[in-house]
Amino acid sequence: MMHVRLHRPSSKWKVVTFKKAHNHELTPLKFIHMMPKYRGMSDGDKAQIDNLQLHGVRTCNIMGLMMGGHAGVGFLKKDLYHHIDKKKGRVKDRYAVTALSYLQSKAENDPLCFFKHTKTVDERLKHLFWSDRGSCFDYQVFGDVIAFDSTYKKHKYNKPLVIFCGYNHHEQTTIFGCALVLDETIETYKWVLKSFSKVMFSKHPNAIVTDGDGAMQEAIKVVFPNCSH
């Protein structure tokens with residue numbers, strides 16, 4: 001223990017109390033990795049983390065899969081998240097793989113959970129559409145009139161988020177399906193509407209409300225020709 005105090009006449013710091021002996025119990029060896037001085041990720045740790053991420057393992061589960069678990073690694077979970085965030089060039093690919101793995105597992109356990117995606121020429125995620133059991137049931141009952149909007153965008157990826165929504169008997173907004181798309185062209189909207197129609201057993205709405213986007217209007221004419229826009 002040491003106390004230091006400013007000696008104002010000389011403008012110097014001086015040690016006024018010093019005790020060489022420890023006045024507390026030393027940290028147990030199993031907790032040493034929690035101290036900043038002894039914390040760190042080896043190249044092997046980073047390679048293992050990258051491999052797990054590449055194969056769709058969620059970030060929150062990686063620590064438990066690392067050799068020895070939480071107590072056997074030399075870093076904390078926040079170090080793991082920092083490492084993943086720093087690799088910005090590949091983080092988008094890993095997030096895409098994780099999302100597809102999650103949706104695949106949902107679809108395997110529930111036949112009414114549906115997703116569909118396409119890829120770009122360089123094997124990156126292009127379009128992604130998904131809907132679940134609750135959304136399908138809601139659409140069969142409340143899907144006569146739907147709103148089709150693509151004005152939402154995330155700053156990090158700047159991808160339009162398309163949302164199909166409606167109004168239920170409790171006067172609440174209900175979501176029928178969602179899609180992340182690469183662009184806002186006629187072909188893209190046609191793909192989204194066809195995917196939506198497939199998961200909803202080809203039931204077409206009577207009317208669609210949109211934000212007036214021209215490409216969206218043309219796609220609706222092709223896919224839902226008898227629908228009032």
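**Figure 1. Aspartate 110 is a buried residue, with a relative accessible area of 16%.** Welcome to the first close-up of this predicted model. Aspartate 110 counts as buried because its 16% falls under the 20% cut-off. Its side chain meets that of arginine 133 in a salt bridge, at 2.9 Å from N to O. The pair links distant parts of the chain, 23 residues apart: arginine 133 belongs to helix 6 (residues 133–142), while aspartate 110 sits in the loop between helix 5 (88–109) and strand 3 (114–119). Arginine 133 is partly exposed, and its relative accessible area is 35%.

**Figure 2. Lysine 190 and glutamate 187 form a salt bridge inside helix 7.** Here the closest N and O atoms are 3.3 Å apart. The two residues are three places apart in helix 7, which is about one turn. Why does that spacing suit a pair of partners? An α-helix has 3.6 residues a turn, so residues three or four places apart point the same way. As for their surroundings, lysine 190 is buried at a relative accessible area of 17%, whereas glutamate 187 is exposed at 54%.

**Figure 3. Lysine 221 pairs with glutamate 218 in a salt bridge within helix 8.** For this pair, the closest N and O atoms lie 3.4 Å apart. Both residues are in helix 8 (residues 214–223), and three residues, about one turn of the helix, separate them. Lysine 221 is exposed, having a relative accessible area of 53%. Glutamate 218 is partly exposed, and its value is 34%. With this pair in view, you have met each partner in the model's count of three salt bridges.

**Figure 4. Helix 7 is mostly covered.** Take a look along residues 186–199, the stretch that makes up helix 7. How many of its 14 residues are buried? Ten of them are, and these include the aromatic residues Tyr189, Trp191 and Phe196. Also buried are Thr188, Val192, Leu193, Ser195, Ser197 and Val199, along with Lys190, the salt-bridge partner of glutamate 187.

**Figure 5. The length of helix 7 agrees with what its residue count predicts.** At 1.5 Å a residue, the 14 residues should span 20 Å, and the end C-alpha atoms are indeed 20 Å apart. Just past the end of the helix comes phenylalanine 201, where the backbone takes a positive phi of about 55°.

Note on methods
Residues are numbered from 1 along each chain as its sequence is written. This is a predicted model: local features need pLDDT of at least 70, side-chain atom pairs count only at pLDDT 80 or more; totals for chains, interfaces and linings use all residues. Side-chain values use heavy atoms; hydrogens and water are left out. Helices (H or I, at least four residues) and strands (E, at least two) are DSSP runs, numbered from the N terminus. The expected span of a helix is 1.5 Å times one less than its number of residues. Buried means under 20% relative accessible area, exposed over 50%, partly exposed in between (1.4 Å probe, protein chains only). A salt bridge is a side-chain nitrogen of Lys or Arg within 4 Å of a carboxyl oxygen of Asp or Glu.
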